[in-house]
Amino acid sequence: MKKIQMVDLQGQYQKIKETVDNSIQEVLNSSAYINGPYVKEFQADLEKYLDVKHVIPCANGTDALQIAMMGLGLEQGDEVITADFTFAATVEVISLLKLTPVLVDVEPDTFNIDIDALKKAITPKTKAIIPVHLFGQVANMDAVMEIAEAHNLFVIEDNAQAIGADYTFKDGSKKKAGTIGHVGTTSFFPSKNLGCYGDGGAIFTNDDELAHTLRGMVNHGMYKRYYHDVVGVNSRLDSIQAAVLKAKLPLLDSYCEARRNAARFYNNTFANNPNIITPTTSSCREICDTCNCHVFHQYTLKITNGKRNELHQHLLDNGIANAIYYPVPLHAQKAYKDDRYDENDFKITNQLIDEVISLPMHTELDTEQLEFITKTINDFLK
Ligand SMILES: *Cc1c(COP(=O)(O)O)cnc(C)c1O
């Protein structure tokens, strides 16, 4: 069998080639490379899809996080709480802005921010919480919003991995991931669930005033051309990427569905293997097949018999790509180490880095590939 990749961007492109090529050609014909009509059109389409008042497109998901924090007026010394087990972008921009990152442990089953750890980390200096909806599953937003309200904190959802997911609140109402907190951010990096063909990102908010501030900030702090009211950045979604995204957005729900179907196949096939713990969709347990609470940006197993590294190599030897997301917890990274941190506070992350392995997960996986991957794993971990 041909090597199986983590993502199959080429396979996905071939199915939408004509539409996307035409859109890109239109941008080339118009030469409106920056802030062309496609940027506004995609912005409006995404606002409608997410049912959010304002989408502010920007250059990438890392910028989106940075600009969101700038827009909220966070200042040097303010503490921002986020999860220890995630991609570094979140803690990176907190540090860049000279805010104080406060990393906390995650839940062992969902890998999302642990609510008790979050509560314990709050001090008088805490100003914001950044829940990361890791691997495509929304964090416990009922609890996060309750805590934020009680302590008057901002909530910035890092939704780079869960665009398209729904969150069902305790009262049964639903919202799209990224539109629950004061502000949400996402990335359109090619391998994300809604990916463009380069870099891209966006910020979401229902707050009119904040949206206005952010729109200026992404554009050098200008609210009127050549009048700079605040310190901003240059962070734009370019027209070609917007054209790609406008063509792909109508397919996002079917992309999420394809990922969920692959995840269901994996879950069923590993169900009886005692050495494997399959992903939990804990926010809604029994109804998760229909409620869309997990859009499987990654499909991540826990290997409990200590053979994770051997499995990683065995899969590579058999032409099956796989990855360890993430091999080092953020609190232990050279750039983010700090005497404030106590290893005892990171029991779960420290365990996860030894147990997790992410399997191929994308919209083009077929049954033959899934059967080969699962058989290879079940045979190896008998
Ligand atoms: C990908 C990602 C980012 C950064 O997005 P870029 O567009 O690559 O800058 C931020 N946070 C999380 C959780 C991500 O997965």
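**View 1. Polar contacts of the ligand.** In this predicted model, a side-chain N or O atom of Gln161 lies 2.8 Å from an oxygen atom of the ligand. The side chain of Ser187 also places an N or O atom 2.7 Å from a ligand oxygen atom. At Gly61 the backbone takes part instead, with an N or O atom 2.8 Å from an oxygen atom of the ligand. On its own the ligand has 380 Å² of accessible area, and the protein covers 91% of that area.

**View 2. The shell around the ligand.** The residues around the ligand are Asn60, Gly61, Thr62, Thr86, Phe87, Ala89, Val132, Asp158, Ala160, Gln161, Ser187 and Lys192. Sorted by class, this shell holds four nonpolar, six polar and two charged residues. Asp158 and Lys192 are among the residues of the shell, as are Phe87 and Val132.

**View 3. The largest pocket.** The ligand sits in the largest pocket. The volume of this pocket is about 520 Å³. Its lining comprises 26 residues, of which Phe87, Gln161, Phe189, Lys192 and His297 are the closest to the pocket centre. Two or more lining residues come from each of the elements α3 (61-71) and α4 (89-96).

**View 4. Make-up of the pocket lining.** Helix α3 supplies three residues, the largest share of the lining of the largest pocket. By class, the lining of this pocket divides into 12 nonpolar, 11 polar and three charged residues. Gln161, one of the residues closest to the pocket centre, has a side-chain N or O atom 2.8 Å from an oxygen atom of the ligand.

Technical notes
Residues are numbered from 1 along each chain as its sequence is written. This is a predicted model: local features need pLDDT of at least 70, side-chain atom pairs count only at pLDDT 80 or more; totals for chains, interfaces and linings use all residues. Side-chain values use heavy atoms; hydrogens and water are left out. A residue is near a molecule or strand if one of its heavy atoms lies within 4 Å of it. A polar contact is a pair of N or O atoms within 3.5 Å; within protein, one must be able to donate a hydrogen and the other to accept it, and residues adjacent in sequence count only if both atoms are side-chain atoms. Accessible areas come from the Shrake-Rupley method with a 1.4 Å probe; for residues, only the protein chains shown count as cover. On a 1 Å grid over the protein atoms alone, a cavity is a set of points where a 1.4 Å probe fits but cannot get out, and a pocket is an open set with protein on both sides within 12 Å along at least five of seven lines; lining residues have an atom within 4 Å of a point. A molecule sits in a cavity or pocket if more than half of its atoms lie within 2 Å of its grid points. Ala, Val, Leu, Ile, Met, Phe, Trp, Tyr, Cys and Pro count as nonpolar, Asp, Glu, Lys and Arg as charged, and the others, Gly among them, as polar. Grid points are joined across faces, edges and corners, and a volume is the space filled by probe spheres set on the points. Helices (H or I, at least four residues) and strands (E, at least two) are DSSP runs, numbered from the N terminus.
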